[in-house]
Amino acid sequence: MNTTTVRPVIHVGVDGSWRDTGALEWALQESLLRQEPLQAVHVIDERLRHAPGWEPDAVDDASTELVDQVQQYLDAAPGTLDHEADLLVGPPARKLVDAAAGSRMLVVGRRGLGTFKRLLIGSTSEAVVTHAAHPPVPVVIVPPDWKPTDHAGPVVVAVDDSGRTTGDTTDDSAAIEFAIEAAAERNVPVRLLHVWDLPAIYSWDAMNTSSAGAEWADNAQRHFENLAAEWQNKYPETTVQVEVRRGHAVDGVVAGAEESDAQLLVVGSRHRSRLMSVLLGSVTRGALHHATCPLAVVPVQV
């Protein structure tokens with residue numbers, strides 16, 4: 001669906017807790033759905049080799065053994081795809097993103113329970129999302145202990161209407177494309193979820209708040225129904241649904257995904273510059289920490 005040229009490989013970060021994070025299991029499921037191979041990557045933080053109380057040889061030996069165990073697990077996985085496990089050295093977040101640059105996606109766990117606490121993917125998941133804007137690569141963050149049977153609902157993608165209300169040129173197309181592709185793979189609907197609230201200027205007047213709220217809700221509903229119709233025409237084989245709700249953006253997005261039993265929640269990550277990229281948007285950060293289903297963070301154009 002996406003016309004951008006990408007390497008048909010799914011990268012997944014692994015650490016000492018790889019059996020418990022759910023990231024490798026999710027990546028394997030995605031690999032089977034797409035019929036694309038996995039590249040599992042374990043990163044040794046160079047600083048750990050020189051940390052007091054750590055022997056460099058012990059760190060390297062343990063990491064090599066971990067990668068060997070992951071490779072054996074991948075070799076025994078269903079299907080005939082050629083999966084590989086690799087070992088890198090350096091800053092974990094940057095190394096993972098660089099390894100996945102130009103590929104289909106990078107999958108990491110949200111938390112880790114491994115032996116080497118400074119190597120945990122969970123401690124770097126937010127850094128991975130930040131770094132993934134340069135070069136751009138979608139990042140999927142998987143909750144702990146995720147299993148393929150955990151969720152059976154649609155793929156939910158959070159969308160906003162900043163372009164309509166403020167003249168912002170933000171384009172959510174990449175996030176919507178990613179969500180529709182994931183929904184088509186799973187044979188489920190994709191749901192465009194928009195959460196709105198009135199600007200603070202309305203809060204002082206209850207009558208104006210009620211009137212403005214109804215108008216705002218009607219306008220948002222029409223806008224996103226029109227948007228859904230455009231995507232439905234483009235991808236007629238995938239059902240495109242719309243949900244517009246009022247409330248706090250983070251709470252609304254997380255609750256909307258949870259209430260629909262979403263298999264995947266997709267959000268766009270907007271980085272206008274390298275300086276701005278150190279600050280994740282509130283919805284992205286909130287969903288990263290609180291979503292109960294796997295979360296895909298897709299870089300979008302601004």
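Trainee: How many bridges join E6 to E9, and which way do the two strands run?
Mentor: Three bridges join E6 to E9, and the two run parallel. Keep in mind that this is a predicted model.

Trainee: Which residue of E9 stands opposite Val157?
Mentor: Val266 in E9 stands opposite Val157.

Trainee: And how does E6 pair with E7?
Mentor: In the parallel sense, over four bridges. Val155 has Val190 in E7 as its bridge partner.

Trainee: Which residues of E6 are buried, and on which side?
Mentor: Val155 and Val157 are buried on one side, Val156 and Ala158 on the other, so both faces of E6 are covered.

Trainee: Where does E6 fit in the whole sheet, and what is the strand order?
Mentor: The sheet is open and has 10 strands, in the order E3-E2-E1-E4-E5-E10-E9-E6-E7-E8, with mixed pairing. The edges are strand E3 (84-89) and strand E8 (240-246), each of which pairs on one side only. From one strand to the next the twist averages 25 degrees.

Trainee: What does E8 pair with, and over how many bridges?
Mentor: E8 pairs with strand E7, residues 190-196, in the parallel sense over seven bridges. Within that pairing, His194 stands opposite Val244 in E8.

Trainee: Which strands does helix H1 touch?
Mentor: H1, residues 23-34, packs on the sheet and touches strand E1 (7-13), strand E2 (38-44), strand E4 (103-109), E5 and strand E9 (264-269). The direction of H1 makes about 155 degrees with that of E4.

Trainee: On to the interior. How many residues are in the largest nonpolar core?
Mentor: That core has 48 residues. Those with the most contacts inside it are Leu24, Val70, Val107, Val140, Val157, Leu264 and Val266. Helix H7, residues 173-186, gives the most to this core, with seven residues.

Trainee: What else is there apart from that core?
Mentor: Another core lies apart from it, with 29 residues, among them Val128, Val139, Ala158 and Ala262. As a general matter, nonpolar side chains in soluble globular proteins tend to be buried together.

Trainee: Back to Val107. What does Val107 touch?
Mentor: Leaving out residues up to four places away in sequence, Val107 touches Ile10, His11, Val12, Gly13, Ala23, Trp26, Ala27, Val140 and Val142.

Trainee: Changing topic: how many aromatic pairs does the structure hold?
Mentor: Two. Trp18 and Tyr73 form an edge-to-face pair, 5.3 Å centre to centre, with 65 degrees between the planes. This pair links distant parts of the chain: Trp18 is in the loop between E1 and H1, Tyr73 is in helix H3 (residues 56-75), and they are 55 residues apart.

Trainee: Are Trp18 and Tyr73 buried or exposed?
Mentor: Trp18 counts as buried, because its relative accessibility is 6%. Tyr73 is partly exposed, with a relative accessible area of 31%.

Trainee: And what about Trp231 and Tyr235, how are those rings arranged?
Mentor: They are stacked, with 6.2 Å centre to centre and 10 degrees between the planes. Trp231 counts as buried at 7% relative accessibility, and Tyr235 is buried as well, with a relative accessible area of 13%.

Trainee: Where is Pro143 found?
Mentor: In the loop between strand E5 (139-142) and strand E6 (155-158).

Trainee: Why is Pro143 called buried?
Mentor: Because its relative accessible area is 6%, and buried means under 20%.

Trainee: What does Pro143 touch?
Mentor: Not counting residues up to four places away in sequence, Pro143 touches Thr21, Gly22, Arg110, Ala291, Thr292, Cys293 and Pro294. Take Ala291: its C-alpha is 7.9 Å from that of Pro143, although the two are 148 residues apart in sequence.

Trainee: Last one, helix H10. Which of its residues are buried?
Mentor: Thr284, Gly286, Ala287 and Leu288 are the buried residues of H10. What covers them includes helix H5 (125-131), E5, helix H9 (249-259), E9 and strand E10 (295-299).

Trainee: What about Arg285, buried or exposed?
Mentor: Arg285 lies in H10, residues 282-290, and counts as partly exposed, at 29% relative accessibility. The C-alpha atoms of Arg285 and Glu126 are separated by 7.7 Å, with their positions 159 residues apart along the chain.

Methods: Residues are numbered from 1 along each chain as its sequence is written. This is a predicted model: local features need pLDDT of at least 70, side-chain atom pairs count only at pLDDT 80 or more; totals for chains, interfaces and linings use all residues. Side-chain values use heavy atoms; hydrogens and water are left out. Buried means under 20% relative accessible area, exposed over 50%, partly exposed in between (1.4 Å probe, protein chains only). Contact means heavy atoms within 4.5 Å. Two strands pair if DSSP finds at least two bridges between them. Axes are lines fitted to C-alpha atoms, for helices over the stretch in contact, and angles run from 0 to 180 degrees between N-to-C directions. A nonpolar core is a set of buried Ala, Val, Leu, Ile, Met, Phe, Trp, Tyr and Cys residues joined through side-chain atoms within 4.5 Å. Rings of Phe, Tyr and Trp (its six-membered ring) pair if their centres lie within 6.5 Å; planes under 30 degrees apart count as stacked, over 60 as edge-to-face and the rest as tilted.
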